[in-house]
Amino acid sequence: MGMRKRLVGATAAVIAAVVGLTACSGGGGGAGNEKKEASGTIEVAAIETAYGQDGWKAVTKAFTDETGIKVDLVMDKKLEDVIGPKMKANDYPDVIHLAQGREAGLTETFIKDKGIADITDVFSSKIPGEDVTVKSKLVEGFTGNTLTDPYGGGKTYLAPMFYTPTGLYYDANLLKENGWEAPKTWDEMWALGDKAKAKGIYLFTYPTAGYFDAFFYGLLYTVGGQEFFDKATHFEEGVWDTPEAQQVFDIIAKIAKYTNPVTPSQANSENFTANQQLVLDHKAIFMPNGDWVVGEMADAPRAKGFEWANIPLPTLKAGDQQYAYTFFEQAWIPAKAKNQDAAKKFIAFLYSDKATEAFAKVGAMQPTKNVQNYMDESKKAVYGVYENGAKAAMGNMASFKQIEGLDWKAVWFEPINSLVSGDMTKEQWVKGIKEASDKIRPNVQS
């Protein structure tokens, strides 16, 4: 999805290893935080998103100033088109910042081919220029999930980068003006939908069907916690026949009936902002999204007094645990990269205070414990979704060997357009998911 910061997304973040560097050089345990002259150059390839290039330029300069290692920075909005041909010729960047979930699927291809280096040792290494380890700076929960360890073996291959709480974004002022409360349960959500309909306002819209990944994953957590999420995302036999799965399908099918009917025709990379505009114009209340939408729609017209806000997904009954899916981007090292020790050192530096601050200045939030020190008030308001009791839901579908002719996202998420238009029934959608799961299950990688 080029428009999402997955970016555009997850997301999503970087991790590094000075341990490997130290071991190779025969140095002591303090190598990670000693400023010393180094030689050589690494190539860092990063997707250019709505965050722009300035953050990466500042970070690569700071890394060179700290370590003496030069950085050739390659950035492009279609990064896959730039680095893809070179990699086919066996010329690999040393670090790649490119999240899962993009249309080209380059990161997913590397995961399936097991072409990504193990960077587990990065977390116990010290950050260049600081006397602390990467692990001590990282917010808990950002590793040990299927986004960072796609094989479920307890190792880390992809480093968590820029993160954003997803959830349901809306105009807080619209609810205030009408005396409506933000719903905490799905029953309250449907009641709000009926009240809004009486005023000519639809309950729901979405930018594109792809945005239902975070929504779907968040619902899996909401109905059954992480245990059910893990079963569903590993395609466990019979999982889609469980009561929890039926609740997920029922909620999505019902929300399709509360969705502004113009949504499917605009749910594409060219017109997705028109769906987001529905929220700004009070033609829909909620949409699944991430904090990037604020910048994406910064210059768009809007209802008087518009005030961005987001809520976690409603629960089945009052008092249940609420979840907001956390999208984060990933950075990784190709297994065939030539300068892996220096690459790990660079990834470690991405968690430094200098990097956290430089990225925050352009709106990209690193999953570090002190990132709030660098947020403005509007960012704090959006990221505050976790301060009111909601938990972060993380992870995605387990990695599986490529199956010819199967586009699993088209099976799981694209049908929302047809559910809204009435061209597909809930039963047809679920049937497709079950059939795809049966094909995927024997091919899950570990």
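Which residues does Val44 touch, not counting residues up to four places away in sequence? This tour of a predicted model takes that residue as its starting point.

**Stop 1: Val44 and its surroundings**

Select Val44, which has its place in strand β1. Beyond residues up to four places away in sequence, Val44 touches Trp56, Val71, Asp72, Leu73, Val74, Val95 and Phe346. With a relative accessibility of 0%, Val44 counts as buried. Opposite Val44 stands Val95, in strand β3. A C-alpha to C-alpha distance drawn between Val44 and Val95 should read 4.8 Å, although 51 residues separate the two in sequence.

**Stop 2: strand β1 and its partners**

Widen the selection to residues 41-47, which form β1; six of the seven residues in this strand are buried, and the strand is mostly covered. Next, add residues 70-76, strand β2: seven bridges join β1 to β2, and the two strands run parallel. Within this pairing, Ala45 has Val74 of β2 as its bridge partner. Now add residues 54-67, helix α2; together, β1, α2 and β2 make a right-handed β-α-β unit.

Then select residues 95-97, strand β3. Here three bridges make the connection to β1, again with the strands parallel. The facing residues Val44 and Val95, visited at the previous stop, belong to this pairing of β1 with β3.

**Stop 3: helix α13**

Phe346, one of the residues that Val44 touches, leads to the next element. Select residues 340-349, helix α13. Eight of its 10 residues are buried, so the helix is largely enclosed by the rest of the structure. The buried residues of α13 are Ala342, Ala343, Lys344, Lys345, Phe346, Ile347, Ala348 and Phe349. Two lysines, Lys344 and Lys345, are thus among the buried residues in α13.

**Stop 4: strands β4 and β9**

Select residues 159-165, strand β4. Seven of the seven residues are buried, so this strand is largely enclosed by the rest of the structure. Add residues 323-332, strand β9: β4 and β9 run antiparallel and are joined by five bridges. To locate the pairing in the viewer, select Tyr163, which stands opposite Phe328 in β9.

**Stop 5: an aromatic pair**

The count of aromatic pairs in the model comes to 37. For one of them, display the side chains of Phe216 and Phe413. The ring centres lie 5.9 Å apart and the planes meet at 70°, so the pair is edge-to-face, a class that requires over 60 degrees. This pair links distant parts of the chain, its members being 197 residues apart: Phe216 belongs to helix α8 (residues 212-233), whereas Phe413 lies in the loop between α16 (408-412) and α17 (415-421). Phe216 is buried, at 0% relative accessible area. Phe413 is also buried, at 3%.

**Stop 6: lysines over rings**

Turn to Lys112 and Phe400. The charged end of Lys112 sits over the Phe400 ring, 4.6 Å from the ring centre. Then select Lys114 with Tyr151, where the charged end of the lysine sits over the ring at 5.0 Å from its centre. Lys114 lies in the loop between α4 (106-112) and α5 (134-137). With 47% relative accessibility, Lys114 counts as partly exposed.

**Stop 7: positive phi angles**

Most residues other than glycine have a negative phi. Keep Lys114 selected: its phi is positive, about 55°, although the residue is not a glycine. Select His282 next, another non-glycine residue with a positive phi, here about 60°. His282 has its place in the loop between α11 (272-280) and β7 (284-289). Is His282 buried or exposed? Its relative accessibility is 16%, and His282 counts as buried.

**Stop 8: Asn370**

Select Asn370, found in the loop between α14 (353-361) and α15 (377-383). Despite its place in a loop, Asn370 counts as buried, at 16% relative accessibility. Beyond residues up to four places away in sequence, Asn370 touches Lys137, Asp353 and Thr356.

**Last stop: confidence**

Finally, colour the model by pLDDT. The mean for the protein is 89, and 91% of its residues reach 70 or more. Residues 1-36 have a pLDDT below 50, yet this stretch has 150 contacts in the model beyond near neighbours in sequence. Where pLDDT is low, the predicted coordinates should not be read in detail.

Definitions and conventions
Residues numbered from 1 in each chain as written. Predicted model: local features only at pLDDT ≥ 70, side-chain atom pairs only at ≥ 80, totals over all residues. Heavy atoms only, no water. Buried < 20%, exposed > 50% of the residue type's maximum accessible area, 1.4 Å probe, protein only. Helix = DSSP H or I, 4+ residues; strand = E, 2+ residues; numbered from the N terminus. pLDDT = per-residue confidence, 0-100. Contact = heavy atoms within 4.5 Å. Phe/Tyr/Trp six-rings, centres within 6.5 Å; stacked < 30°, edge-to-face > 60°. Lys NZ or Arg CZ within 6 Å of the ring centre and 35° of its normal. Pairing = 2+ DSSP bridges. Right-handed = clockwise from strand over helix to strand, strands pointing away.
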